[in-house]
Amino acid sequence: QVQLVESGGGLVQAGGSLRLPCLASGRTFSNYAMGWFRQAPGKERAFVAGINWSGTTLYADSVKGRFTISRDNAKNMVYLQMNSLKPEDTADYYCAARPGTVATVARYDYWGHGTQVTVSS
């Protein structure tokens, strides 16, 4: 089992920044690919960014150049740095873990409870 806890959400103005940490506990964190997904009201959960155990990253086109995913295996942490935020980034953000490599679909074994991000115009 892997437990994931997100934090760092909140209300921010358009153009601002937020950093979302996700703390993992349980099995060996470094063996897992980590992903961030988001779900806006009335929409399906969508891939935002992912990072493999080796540090290789993958991003959704909508966030490339604005968001950065990183991980600290020694601290069992994964981060999503969000810059130049837009109102359309408003959503609940979820941290997820899966063995192997990053997947852009929601086929992850473990999920956090989410943290809410609201971007005002």
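**Exercise 1. The disulfide**

What is the handedness of the link between cysteine 22 and cysteine 95, judged by the angle about the S-S bond? Work it out on this predicted model, and then find which parts of the chain the link ties together.

*Solution.*

Step 1. Begin with the sulfur atoms. A pair of cysteine sulfurs counts as a disulfide when the atoms lie within 2.5 Å. Cysteine 22 and cysteine 95 have an S to S distance of 2.2 Å, and a disulfide joins them. The count for the structure comes to one disulfide.

Step 2. Now turn to the torsion. The angle about the S-S bond is -85°, and the link of cysteine 22 and cysteine 95 is left-handed.

Step 3. Place both ends in the fold. Cysteine 22 sits in strand S3 and cysteine 95 in strand S9 (residues 91-99), so the bond ties together parts that are 73 residues apart in sequence.

Step 4. Check the surroundings. The cut-off for buried is under 20% relative accessible area. Cysteine 22 has 1% relative accessibility and therefore counts as buried. Cysteine 95, at 0%, counts as buried too.

**Exercise 2. The open sheet**

In which order do the four strands of the open sheet follow one another, and which strands are at its edges?

*Solution.*

Step 1. Read across the sheet: the order is S1-S3-S8-S7, with antiparallel pairing.

Step 2. Look for strands that pair on one side only. These edge strands are S1 (2-6) and S7 (67-72).

Step 3. Add the geometry. On average, neighbouring strands of this sheet are turned by 15° against each other, with direction ignored.

Step 4. Zoom in on one pair. S1 and S3 (residues 18-26) run antiparallel and are joined by five bridges. To find this pairing on your screen, pick leucine 4, whose bridge partner in S3 is alanine 24.

**Exercise 3. Following S4, S5 and S6**

How many bridges does strand S5 make with S4, and how many with S6?

*Solution.*

Step 1. Take the S4 side. Strand S4 (residues 32-39) pairs with S5 in the antiparallel sense over five bridges. Tryptophan 36 stands opposite alanine 49 of S5.

Step 2. Trace the connection. S4 and S5 form a hairpin with six residues between them, and glycine 42 in the turn has a positive phi of about 80°.

Step 3. Take the S6 side. Three bridges join S5 to strand S6 (residues 57-59), again in antiparallel fashion. Here glycine 50 has leucine 58 in S6 as its bridge partner. The hairpin of S5 and S6 has five residues between the strands, and its glycine 55 takes a positive phi near 105°.

Step 4. Ask how enclosed S5 is. Five of the six residues of S5 (residues 46-51) are buried, so the strand is largely enclosed by the rest of the structure.

**Exercise 4. A loop residue**

Is asparagine 52 buried or exposed, and which residues does it touch beyond those up to four places away in sequence?

*Solution.*

Step 1. Locate asparagine 52: this residue belongs to the loop between S5 and S6.

Step 2. Compare its area with the cut-off. Asparagine 52 has a relative accessible area of 12% and is therefore buried.

Step 3. List the contacts. Leaving out residues up to four places away in sequence, asparagine 52 touches Ala33, Arg71, Gly100, Thr101 and Val102.

Step 4. Try one distance yourself. The C-alpha atoms of asparagine 52 and asparagine 31 are separated by 8.7 Å, while the two residues are 21 apart along the chain.

**Exercise 5. The chain as a whole**

What radius of gyration does the chain have, and what would a compact globule with 121 residues have?

*Solution.*

Step 1. Tally the elements: the chain has zero helices and 11 strands.

Step 2. Compare the radii. A compact globule with 121 residues would have a radius of gyration near 14 Å, and the 13 Å of the chain agrees with this. The C-alpha trace spans about 40 × 25 × 25 Å along its principal axes.

Step 3. Consider burial and surface. Buried residues make up 45% of the 121 residues. The chain exposes about 6,200 Å², and carbon and sulfur atoms supply 47% of that area.

Step 4. Finish with contact range. Among contacts between residues at least 6 apart in sequence, 59% join residues at least 24 apart.

Technical notes
Residues numbered from 1 in each chain as written. Predicted model: local features only at pLDDT ≥ 70, side-chain atom pairs only at ≥ 80, totals over all residues. Heavy atoms only, no water. Pairing = 2+ DSSP bridges. Helix = DSSP H or I, 4+ residues; strand = E, 2+ residues; numbered from the N terminus. Axes fitted to C-alpha atoms, helices over the stretch in contact; angles between N-to-C directions. Buried < 20%, exposed > 50% of the residue type's maximum accessible area, 1.4 Å probe, protein only. Rg over C-alpha atoms; globule rule 2.2 N^0.38 Å. Contact = heavy atoms within 4.5 Å. Areas by Shrake-Rupley, 256 points an atom, 1.4 Å probe, with all protein chains shown as cover.
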